[in-house]
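Colleague: I'm new to this one and would like to learn how to read it. Could you walk me through it, feature by feature?

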Amino acid sequence: MKLNKRVEADLKALQDKSELLVATVQLTVIALLAMIFFLAPVERAADSPVNSEALGIGLFAILVMVRLWFAYTQQLTRLFLGFSVIAEMSVLILTIWSFHLQFGAIPAVDLKNPHLMYVFVLIALRGLRFELLWVVLSGLTAAIGWGLLVLNALYVSGHDIMTWDYVTYVSTSNVHLGGEFDKILAILLVTIITAYTLKIGRAVTSTAVSQSHATQDLSKFFDSDVAKKITDAEYSLDVGEGEMRNAAIMFTDLRGFTKASAALTPDELIALLGEYQQLVGPIVREHGGTIDKFMGDGILASFGSTSPSTTYAADAMRAADAIMDAASAWGEKRAAAGLERLDIGAGVTAGELVFGVIGFENRLEYTVIGETVNLAAKLEKFNKAEKVRALSTVATLDLAKAQGYQAKSEKEIRLKREVSGVELPIDLVVIA
């Protein structure tokens with residue numbers, strides 16, 4: 001599975017964190033073993049040249065601490081990691097091998113050592129890095145190491161210690177080749193199963209990381225609520241899926257944009273639009289709204305459409321007030337800088353609308369449809385006729401007040417206005 005660079009970077013960061021976890025677990029085990037060793041030390045032969053557990057704990061602790069330092073300082077190369085994987089397993093095998101020296105016995109007793117269980121722990125810990133290579137390397141090192149222990153036992157003690165009788169095998173120092181083969185086979189099977197499980201897990205993790213990036217990118221092109229609705233959908237989206245909502249709509253338009261754009265370069269034009277959108281967008285979001293779409297210098301925002309709301313009209317009116325205040329400050333700032341003063345116009349309505357999927361085949365989009373949407377667009381255009389900056393309807397204002405909206409000042413009401421494209425006269429409210 002080929003991954004893009006962002007996914008690879010995220011997986012590497014996950015692996016780096018996992019390496020710290022591996023080292024932490026290993027140090028915890030070392031600390032527990034050291035505690036057990038000092039509280040209940042194992043006896044050894046008087047002339048023993050080595051204390052196996054002390055040797056193993058000491059060497060292993062050194063290896064883990066060195067690797068942990070490299071990991072924390074972000075200097076852990078793949079070459080050194082590979083060396084440490086082999087070295088750690090080799091230290092465990094060496095510790096198991098040295099037990100016959102500690103007790104003054106024949107090498108065959110090494111094969112009865114219960115420390116074999118830690119081989120599987122080391123193999124499993126390597127799976128935390130989400131890379132098959134280290135699991136396989138750890139498992140192969142363990143299998144080869146155990147094979148060498150068997151060969152050493154046979155070489156030193158001769159073939160006379162071999163037996164095929166199970167009772168003799170478990171009650172003496174004799175070597176049962178079938179039993180030793182089972183151990184090596186178990187090591188290899190655990191390695192294979194862990195590696196395969198890891199392969200599946202890595203694929204799932206990679207997909208999840210890719211989906212996370214896709215959701216983040218989607219949120220840049222769609223409002224975050226819409227992006228979440230798309231990514232959380234339990235079935236494939238298709239044209240014709242819609243929901244009836246009681247919601248509020250706001251259309252905004254950049255006043256003076258056409259005149260200003262004639263004297264701007266393409267980069268300056270896009271920068272100006274970005275400045276305007278950066279002013280309106282956060283205010284809409286702050287008041288619980290979502291940006292449905294950017295239409296050149298126009299913005300369509302909705303309140304209570306992507307998810308039901310009990311304050312949609314009040315939220316829209318508060319957002320309109322805030323946008324008008326911000327637009328005034330923005331215009332003054334531009335004028336003070338010697339730039340052309342620009343302003344923002346808006347139309348706000350509330351009522352029933354349809355929120356759903358439109359488009360065709362593989363080009364779909366969520367949007368809002370209905371008379372409430374159309375009327376907001378018409379009111380925004382009607383601002384010029386009324387010589388105001390933002391308009392709404394008396395019905396919308398009354399609903400907003402019922403939902404808790406309190407205007408900073410009394411709104412001017414203009415009765416029975418003939419709005420272009422609307423059949424009957426409408427009672428309007430001047431927002432600004």
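**Reading the model step by step**

Modeller: Happy to. Let's begin with a strand: six of the six residues of strand β3 (residues 298-303) are buried, so β3 is largely enclosed by the rest of the structure. Keep in mind that this is a predicted model.

Colleague: Which residues point which way from β3?

Modeller: Gly298, Leu300 and Ser302 go one way, while Ile299, Ala301 and Phe303 go the other way. All of them are buried.

Colleague: And how many bridges join β2 to β3?

Modeller: Six bridges link strand β2 (residues 289-295) with β3, and the two run antiparallel. To follow one across, start at Thr290, whose bridge partner in β3 is Ser302. Ser302 is also one of the buried residues we just listed.

Colleague: What should I look for in the hairpin of β2 and β3?

Modeller: Two residues sit between the strands there, and Gly296 takes a positive phi near 65 degrees.

Colleague: Which residues other than glycine have a positive phi?

Modeller: Two to look at are Gln74 and Lys416. Gln74 has a phi of about 55 degrees, positive although Gln74 is not a glycine. You'll find Gln74 in the loop between α2 and α3. Its relative accessibility is 72%, so Gln74 counts as exposed, the cut-off being over 50%. For Lys416, phi is near 50 degrees, again a positive value in a residue other than glycine. Lys416 has its place in strand β7, and at 64% relative accessibility Lys416 counts as exposed.

Colleague: You mentioned α2 and α3. At what angle do they cross?

Modeller: For a helix pair, read the angle and the axis distance together. Helix α2 (residues 52-72) and helix α3 (residues 78-97) cross at roughly 170 degrees, and their axes come within 9 Å. That makes α2 roughly antiparallel to α3, because angles over 145 degrees count that way.

Colleague: Which residues of α2 and α3 meet?

Modeller: On the α2 side they are Ser52, Gly56, Leu59, Phe60, Leu63, Val64, Val66, Arg67 and Phe70. On the α3 side they are Phe80, Leu81, Ser84, Ala87, Glu88, Val91, Leu94 and Thr95. Sorted by class, this contact has 11 nonpolar, four polar and two charged residues.

Colleague: How do α11 and α12 pack?

Modeller: Go through the same steps. Helix α11 (residues 266-286) packs with helix α12 (residues 312-336) at an angle of about 150 degrees, the axes being 9 Å apart. That makes α11 roughly antiparallel to α12. The crossing of α11 past α12 is right-handed. From α11, the contact uses Leu272, Glu275, Tyr276, Leu279, Val280, Ile283 and Val284. From α12, the residues are Ala319, Ala322, Ile323, Ala326, Ala327, Trp330 and Arg334. By class that gives 12 nonpolar, no polar and two charged residues.

Colleague: Now a single residue, please. Where is Arg417 found, and what does Arg417 touch?

Modeller: For a single residue, take its element, its accessibility and then its neighbours. Arg417 is in strand β7 (residues 412-417). Its relative accessibility is 27%, so Arg417 counts as partly exposed. Leaving out residues up to four places away in sequence, Arg417 touches Phe382, Glu386, Pro425, Ile426 and Leu428. As for Asp427, Arg417 is 10 residues from it in sequence and 6.1 Å from it in space, C-alpha to C-alpha.

Colleague: What separates the C-alpha atoms of Ala395 and Asp427?

Modeller: They are 8.0 Å apart, with the two positions 32 residues apart along the chain counted as their separation. Ala395 lies in helix α14 (residues 394-402) and is exposed, with a relative accessible area of 58%.

Colleague: Is Ala186 exposed, partly exposed or buried?

Modeller: Ala186 is partly exposed, its relative accessible area being 28%. Ala186 belongs to helix α8 (residues 177-221). Ala186 and Ala143 are 43 residues apart in sequence, and their C-alpha atoms are 9.1 Å apart in space.

Colleague: To finish, what does the secondary structure of the protein chain come to?

Modeller: The count is 14 helices and eight strands. Of the 432 residues in the protein chain, 43% are buried. Among contacts with a separation of 6 or more, 70% come from residues 24 or more positions apart.

Terms used:
Residues are numbered from 1 along each chain as its sequence is written. This is a predicted model: local features need pLDDT of at least 70, side-chain atom pairs count only at pLDDT 80 or more; totals for chains, interfaces and linings use all residues. Side-chain values use heavy atoms; hydrogens and water are left out. Axes are lines fitted to C-alpha atoms, for helices over the stretch in contact, and angles run from 0 to 180 degrees between N-to-C directions. Helices (H or I, at least four residues) and strands (E, at least two) are DSSP runs, numbered from the N terminus. Angles under 35 degrees count as roughly parallel, over 145 as roughly antiparallel, 65 to 115 as roughly perpendicular and the rest as oblique. A crossing is left-handed if the near helix is turned anticlockwise from the far one by less than a right angle, and right-handed if clockwise. Contact means heavy atoms within 4.5 Å. Ala, Val, Leu, Ile, Met, Phe, Trp, Tyr, Cys and Pro count as nonpolar, Asp, Glu, Lys and Arg as charged, and the others, Gly among them, as polar. Buried means under 20% relative accessible area, exposed over 50%, partly exposed in between (1.4 Å probe, protein chains only). Two strands pair if DSSP finds at least two bridges between them.
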